[in-house]
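Thanks for coming. I will go through one model today, starting with a strand and working outwards to the chain contacts and the cores.

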Amino acid sequence: MKSNVNMDYKHYNRFYDHFDFIKFRNVFFTFSLVITLAGIISLSIFHLNLGIDFSSGTRVDLQADRPLNITQVTNTFKDLGYQPEQPVLSGNHRNIATVRINKELTHQEIAKVKSAIQSKYGIEPNVSTVSPQVGRDLAKNAFFAVIIASIFIIIYVWVRFEFLQGLTAVIALIHDAFFIISVFSLLHIEVNILFISAVLTIIGYSINDTIVTFDRVRENIKLSRKRLTTFEELGQIVNLSIRETLTRSINTVLTVLFPVIFLLIFGSESIRTFTIALFVGLICGVYSSVCIACPLWAVMKARYIAGRKKKRTVQTEG
Amino acid sequence: MKKGHVFSFFAILIISAIILSFVTMPIIHSVKLGLDLKGGFEVLYQVKPLKAGQKIDSETMSNAVASINKRINVLGVSEPNIAIENGNRIRVQLPGVKDQKRARELLSTTANLTFRDYKDKLMLDGSDLQPGKARVAFDDMNRPLVTLRLKDSAKFADVTRKILAEAPNNVLVIWMDYGKGDSYRKEAAQSNHKFISAPSVNNVLNTNDVQITGNFTVQEATNLKDLLNSGSLPVKMDEIYSTSVGAQYGQNSMQQTLFAGAIGIAAIFIFMLLFYRFGGLIADITLIFYVYIVMAVFVGLQAVLTLPGIAALILGIGMAVDANIITLERIKDEIRSGKSILSAYKAGNQRALPTVVDANLTTIIAAAVLFIFGDSAVKGFAVMLLISNIITFITSIYGARLLLGLWVRSKALNNRPGLFGVRRSDILEK
């Protein structure tokens with residue numbers, strides 16, 4: 001590839017050194033649009049499998065010193081006088097069960113359930129109850145937190161970089177957050193309060209990743225020492241910047257993925273939702289920084305420059 | 001080769017190792033564990049007025065918190081956390097509480113003691129009691145009972161005179177948390193009645209000592225005494241969210257998560273060593289400092305470590321490594337372009353700094369917003385994210401610069417690009 005910008009140390013070959021990210025931009029955009037549409041459809045048909053944190057009712061997490069089966073656990077709750085939903089078994093020895101009851105138990109009832117389960121399975125269970133009001137507030141607060149964070153991020157990137165980069169960074173961020181939500185809706189994984197933390201982490205990570213790439217774009221524009229006017233020139237800069245930062249992007253996501261993968265395999269059941277969301281989000285975060293944010297910026301920037309030129313010609317003619 | 005720099009490097013390492021070995025145990029012991037790791041329970045109460053027309057303002061809220069505090073002191077929980085949320089909610093967290101059942105009972109009753117006649121007319125209430133004077137005593141048959149002291153004996157004489165006049169229904173009904181719709185006549189027919197007791201009044205009693213006998217167990221009598229002594233709640237509290245974690249369950253979660261985290265961190269260390277060789281080794285050393293400083297700051301802020309907090313810590317390591325990776329990649333690029341190790345090190349550091357600053361500052365903004373607007377569970381996570389991003393600057397930028405700089409300046413690395421993971425064939429000949 002020929003380029004007029006600083007290629008002085010780009011003389012050796014890596015597998016992606018000839019990959020044209022800009023050329024395939026429409027493939028990436030279409031892919032992301034399809035996934036997003038699938039997510040919207042899935043959300044409107046299947047909704048999210050909301051845990052009690054966001055709806056209301058009671059959740060009992062019980063652990064036993066031996067493997068459990070669903071009938072046995074269901075019967076335990078029927079004997080206590082409750083109609084539980086299908087229990088979900090987990091743990092390496094199938095010794096953990098999560099049971100939901102669509103009713104907020106009173107503290108007297110909780111005490112009864114706890115002592116009955118402890119005497120039957122040997123370990124004191126976890127019991128949570130949530131009223132509808134609290135669940136709504138939680139989701140609402142998290143949503144507003146994300147909106148406010150996005151606004152601040154746009155402002156910061158606007159000041160340090162430029163407005164269009166801030167905008168595309170936030171588009172990539174929302175893309176990632178929505179991607180995780182879509183996956184959870186499609187696979188019908190239960191969403192709890194930790195899910196919010198996971199989505200927020202991914203937002204932080206995605207931003208970090210996008211900024212590192214944009215930073216290189218900014219630097220390469222400065223080094224090229226000329227006004228960029230055409231889409232081809234912008235595309236060259238973007239391609240070069242992505243290639244230069246890709247080793248870093250891959251290595252960083254790998255180092256974050258290591259603990260996530262091990263948490264997924266060996267970590268506690270209580271944070272399983274959290275780690276699944278992180279795993280999905282981290283991979284999506286790298287993809288969106290490289291394949292969405294940067295090419296999208298080049299497209300928008302080229303249009304903006306073309307638009308301004310047109311305006312100027314109109315003005316000079318008039 | 002300048003031996004002085006290498007000597008300083010090892011001196012720094014040895015001194016740090018000694019300091020770290022001394023602070024390890026104190027840090028571990030002063031980490032406050034959240035209830036998802038330690039077991040315990042958490043309740044969010046919606047505060048409502050007790051009487052019609054009562055206003056829920058900041059004063060009533062802080063009075064309510066004060067009464068809850070007194071009750072928790074009775075329980076002997078070492079690190080309770082009581083917070084007012086949204087202006088009309090109170091969140092109570094009791095990590096490590098032994099008897100969860102008793103704690104819940106103590107917290108949730110309003111402890112509004114009333115004395116009523118058989119028609120449920122109010123005769124005396126909590127405000128007629130001398131505060132802190134309730135005692136547990138035993139009668140001749142060794143059954144537990146609770147003794148109270150009234151403020152005014154004349155008032156009690158007056159009340160008993162009125163009750164006596166209502167013969168044959170001359171009973172003084174003692175209620176705990178009398179609510180709307182409760183009635184003596186309805187409850188008296190049932191064997192498991194809601195009021196505490198209904199002694200008959202046969203004389204006018206001109207005294208301020210009152211005994212309550214009510215077929216108590218010793219535990220029940222003690223609870224009643226504790227409730228009366230810590231005072232009634234000035235408001236009504238409805239549980240709108242609660243979660244309780246068994247101690248064993250919490251411990252298992254913590255062990256599994258720490259185990260998984262340890263393997264994950266080991267994998268990061270090995271990866272860095274393989275990919276960046278000597279640079280990776282320096283990065284690994286700074287990561288160890290990073291973990292210690294993050295934990296020390298966390299303990300210093302009296303923050304509570306929860307399961308998502310541990311996850312954020314482990315993730316934070318992955319993100320801190322990013323600063324090292326950005327810098328080391330830059331140095332590699334510079335070496336490949338044919339620069340000497342020293343100038344590649346200088347140029348790499350200089351060029352990587354703005355990238356790391358911008359990347360971390362945006363994450364810090366996101367974390368700060370989450371901290372300000374997030375709910376309690378999100379907050380713990382945001383604190384960890386915030387701390388880890390700030391500490392990254394200290395360790396992965398300045399720490400790594402200091403340690404690697406000593407070796408670079410000693411000239412021991414000169415002409416050895418392999419130590420940074422750069423192949424000689426990739427270096428541009430000048």
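**From one strand to two chains**

Let me start with strand E1 of chain A: six of its seven residues are buried, so E1(A) is largely enclosed by the rest of the structure. Keep in mind that this is a predicted model.

E1(A) covers residues 57-63 and pairs with strand E3 of chain A, residues 96-101, in the antiparallel sense over six bridges. Two residue pairs help to fix the register. Gln63(A) stands opposite Ile96(A), and Arg59(A) has Arg100(A) as its bridge partner in E3(A). E1(A) is also joined to E4(A), again antiparallel, by five bridges. There, Gly57(A) stands opposite Val130(A).

Now follow E4(A) across to the other chain. Which strand of chain B does E4(A) join, and over how many bridges? The partner is strand E11 of chain B, residues 236-245, with four bridges and an antiparallel run. Within that pairing, Thr129(A) faces Ser242(B).

Put together, this is an open sheet of eight strands, in the order E2(A)-E3(A)-E1(A)-E4(A)-E11(B)-E2(B)-E4(B)-E3(B), with antiparallel pairing. The edges are strand E2 of chain A, residues 88-90, and strand E3 of chain B, residues 81-85, each pairing on one side only. From one strand to the next, the twist averages 20°.

Chain B has a further open sheet, of three strands, ordered E6-E5-E9 and antiparallel. Strands E6 (122-125) and E9 (173-176) of chain B are at its edges with a single partner strand each, so one side of each has no neighbour in the sheet. Here the twist averages 30° from strand to strand. E5(B), residues 113-116, pairs with E6(B) over three bridges, and Thr114(B) stands opposite Asp125(B) there.

Next, the contact between the chains as a whole. 61 residues of chain A are in contact with 66 residues of chain B. On the chain A side, the elements that give two or more residues are helix H3 (107-121), strand E4 (126-130), helix H4 (132-160), helix H6 (193-224) and helix H7 (231-266). H4(A) gives the most, with 14 residues. By class, that side of chain A has 36 nonpolar, 20 polar and five charged residues.

On to the cores. The largest nonpolar core has 184 residues, and Ala169(A), Val199(A) and Ile203(A) touch the most other members. Helix H8 of chain A, residues 272-317, gives the most to this core, with 18 residues. What does Ile203(A) touch, once its neighbours within four places in sequence are left aside? In chain A, Ile203(A) is in contact with Val146(A), Ala149(A), Leu173(A), Asp176(A) and Ala177(A), and in chain B with Ala366(B). Apart from the largest core lies another, of 16 residues, including Val60(A), Phe77(A), Ala97(A) and Val113(A).

Last, the domains. The assignment for chain A gives domain 1 as 25-49 + 133-317 and domain 2 as 57-130. Taken over C-alpha atoms, the centres of these two domains are separated by 40 Å.

To recap the thread: E1(A) pairs with E3(A) and with E4(A), and E4(A) is joined to E11(B). That is all I have.

Key. Residues are numbered from 1 along each chain as its sequence is written. Chains are lettered from A and ligands numbered from 1 in the order in which they are written. This is a predicted model: local features need pLDDT of at least 70, side-chain atom pairs count only at pLDDT 80 or more; totals for chains, interfaces and linings use all residues. Domain bounds come from an automatic or database domain assignment. Two residues are in contact if their C-beta atoms, placed from the backbone, lie within 7 Å. Ala, Val, Leu, Ile, Met, Phe, Trp, Tyr, Cys and Pro count as nonpolar, Asp, Glu, Lys and Arg as charged, and the others, Gly among them, as polar. Two strands pair if DSSP finds at least two bridges between them. A nonpolar core is a set of buried Ala, Val, Leu, Ile, Met, Phe, Trp, Tyr and Cys residues joined through C-beta atoms within 7 Å. A residue is buried if 20 or more other C-beta atoms lie within 10 Å of its own, exposed if 12 or fewer, and partly exposed in between; C-beta atoms are placed from the backbone. Axes are lines fitted to C-alpha atoms, for helices over the stretch in contact, and angles run from 0 to 180 degrees between N-to-C directions.
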